[in-house]
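Q: Please take a close look at one part of this model and at what surrounds it, and then place it in the whole chain. I am in my first year, so please explain each term as you use it.

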Amino acid sequence: PVDSNSQGQEIDVYSLGPADTRWTPHGFVTAGRLGAYVAPKLVADDAGNAILAWPCGTCVGANLPMNNAPIHGSRFSAATQAWSAPQQLDPRAAGSNGFVDMSSFDLRMNARGDALLTWAYTENVLGNGTGVGLRIRARQFRHDTLAWGAVTQIAASNVGEHFAPIA
């Protein structure tokens with residue numbers, strides 16, 4: 001991440017292959033700024049494909065004082081040496097006032113290129129800023145279809161708000 005201004009960070013990605021002598025830039029991929037103090041997640045498979053996920057601090061629905069921002073992602077293709085257009089990976093129901101805890105998301109990838117994104121989502125935010133209806137959600141990227149699957153709820157709890165799912 002490159003801290004470019006007081007609104008957060010931008011992401012520039014570079015790679016260094018086994019035969020390389022210099023870092024190779026792979027472009028700027030974010031849609032909006034990152035949330036403050038939140039690290040993006042970058043994973044790669046054995047073929048050199050990669051997925052980058054980040055909380056978008058200036059996108060619609062972001063509320064940085066509440067530690068809330070939509071999770072966006074982009075995939076790097078080793079074959080084309082290009083990043084896909086960023087997309088929101090944590091779709092929310094229309095009219096929802098729920099939020100994603102920016103510090104709770106995780107991203108993992110296996111050697112084949114299948115990836116799993118997990119995050120904590122609070123269904124309802126009360127007037128005092130607390131939340132109820134904590135849900136752990138997941139979304140899988142499949143290397144054979146080169147697409148993200150549907151969001152799946154993998155856990156639900158009304159107790160506690162601050163824990164991080166691990167993919």
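**A strand covered on both faces**

A: Both faces of strand β6 are covered, since A50, L52 and W54 on one side and I51, A53 and P55 on the other are all buried, where buried means under 20% relative accessible area, exposed means over 50%, and partly exposed lies in between (1.4 Å probe, protein chains only). The model is predicted, so local features need pLDDT of at least 70 and side-chain atom pairs count only at pLDDT 80 or more, while totals for chains, interfaces and linings use all residues. Residues are numbered from 1 along each chain as its sequence is written, and side-chain values use heavy atoms, with hydrogens and water left out.

Strand β6 covers residues 50–55, and 6 of its 6 residues are buried; strands (E, at least two residues) and helices (H or I, at least four) are DSSP runs, numbered from the N terminus. On one side, β6 pairs with strand β5 (residues 41–44) in the antiparallel sense over 4 bridges, and two strands are said to pair if DSSP finds at least two bridges between them. Within this pairing, A44 has A50 of β6 as its bridge partner. The hairpin of β5 and β6 has 5 residues between the strands, and G48 takes a positive phi near 95° there. β6 also pairs with strand β7 (residues 71–77), again in the antiparallel sense, over 6 bridges, and here the bridge partner of A50 in β7 is F76. A50 therefore has a bridge partner in β5 and another in β7, as DSSP bridges define the pairing.

Away from this strand, a search of the whole structure finds 3 salt bridges, a salt bridge being a side-chain nitrogen of Lys or Arg within 4 Å of a carboxyl oxygen of Asp or Glu. Side chains of opposite charge can pair when their charged atoms come close. One of these bridges joins R108 and D106, with the closest N and O atoms 3.0 Å apart; R108 is partly exposed at 40% relative accessible area, whereas D106 is buried at 9%. In another, the side chains of D144 and R142 meet at 2.4 Å, N to O, and D144 is partly exposed at 46%, as is R142 at 39%.

D114 also takes part, forming a salt bridge with R112 in which the closest N and O atoms are 2.5 Å apart. D114 is buried, with a relative accessible area of 11%, but R112 is exposed at 55%. D114 lies in the loop between β11 (106–109) and β12 (115–125). A polar contact of 2.9 Å joins the side chains of D114 and H143; such a contact is a pair of N or O atoms within 3.5 Å, where within protein one must be able to donate a hydrogen and the other to accept it, and residues adjacent in sequence count only if both atoms are side-chain atoms. Leaving out residues up to four places away in sequence, D114 touches R108, M109, F141, R142 and H143, with contact meaning heavy atoms within 4.5 Å.

In the whole protein chain there are 0 helices and 15 strands, and buried residues make up 40% of its 167 residues. Among contacts between residues at least 6 apart in sequence, 46% join residues at least 24 apart.
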